[in-house]
Amino acid sequence: MTRRIPEDQPFVVRPNVAKRGLVMGGVVAVLLVPLVCVLGLGVLGGTDGQDRGTAVVGLLAIVGCVLVAIALPIGIQLWLIGSGGPVLALSPAGLWIRTRPTRGQAVWLPWEAVAQISRRRWSLEKMLVVKPYDQRALQNLGTFTALDSGLLSAFYGSGLVATLNFADRPESEILAAVTHYSAGRCRIV
């Protein structure tokens with residue numbers, strides 16, 4: 001176990017923060033634009049000509065505050081994901097994978113210790129799911145990591161996951177590298 005995945009491995013996958021940020025921004029925009037339009041129509045339709053300027057300024061202030069309240073946690077989340085280093089590294093001997101989706105530890109698994117590697121999807125996220133033969137490999141990782149691992153296990157079937165669609169490499173390239181480096185030593189579904 002280590003705090004970060006080593007960058008000197010033959011195949012390294014890093015998170016693509018820009019792609020994730022654009023998708024999260026798009027989701028927020030889809031949710032907020034109709035709400036802002038309805039509020040704007042309500043505010044502007046309910047005022048007379050003299051109070052419209054004040055109403056527009058008030059509406060813009062409210063929208064600005066809501067955007068800051070939403071953008072701040074999203075920005076922190078993106079920073080945590082991006083500053084944690086690579087999410088996956090492959091070599092002929094085995095793989096490194098993060099134990100948490102944000103910052104945290106990474107665990108090394110030789111190919112012989114990997115029971116199965118699969119591809120799963122939950123909502124907008126596609127993940128590479130790694131199941132070790134021995135679940136004790138995930139013990140003693142800490143409280144927050146155990147909490148994250150439990151949630152990931154509920155959604156994906158294992159606490160060891162790496163993003164496929166928000167990575168700096170295409171999904172097909174990642175899956176081809178897993179097949180190549182594992183060389184048939186683990187089951188790939």
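Four strands of this predicted model form an open sheet in the order β7-β6-β5-β8, and the pairing is mixed. Its edge strands are β7 (160–163) and β8 (187–188), each of which pairs on one side only. Inside that order, β5 (residues 114–122) and β6 (residues 125–132) run antiparallel and are joined by eight bridges. To find the register, start at Val 114: it stands opposite Pro 132 in β6. Strands of a sheet pair through backbone hydrogen bonds, either parallel or antiparallel.

Now step back along the chain to β3, residues 94–98. This strand has pairing partners in β2 and in β4. Strand β2 (residues 88–90) pairs with β3 in the antiparallel sense over three bridges. The two form a hairpin, with three residues between them. Ala 89 has Trp 96 of β3 as its bridge partner. Strand β4 (residues 106–110) also runs antiparallel to β3, and five bridges join them. Here Gly 94 has Pro 110 of β4 as its bridge partner.

How do the side chains of β3 sit? Gly 94, Trp 96 and Arg 98 point one way, while Leu 95 and Ile 97 point the other way. Both sets are buried, meaning under 20% relative accessible area. Five of the five residues are buried, so β3 is largely enclosed by the rest of the structure.

Last, the helical part. The unreviewed UniProt entry annotates residues 21–44 and 56–81 as "transmembrane region". Over residues 56–81 the model is 100% helix and 0% strand. The end C-alpha atoms of that stretch are 37 Å apart.

How values were computed. Residues are numbered from 1 along each chain as its sequence is written. This is a predicted model: local features need pLDDT of at least 70, side-chain atom pairs count only at pLDDT 80 or more; totals for chains, interfaces and linings use all residues. Side-chain values use heavy atoms; hydrogens and water are left out. UniProt positions are given in the numbering used here, feature names are shortened, and annotations may be inferred rather than shown by experiment. Buried means under 20% relative accessible area, exposed over 50%, partly exposed in between (1.4 Å probe, protein chains only). Two strands pair if DSSP finds at least two bridges between them.
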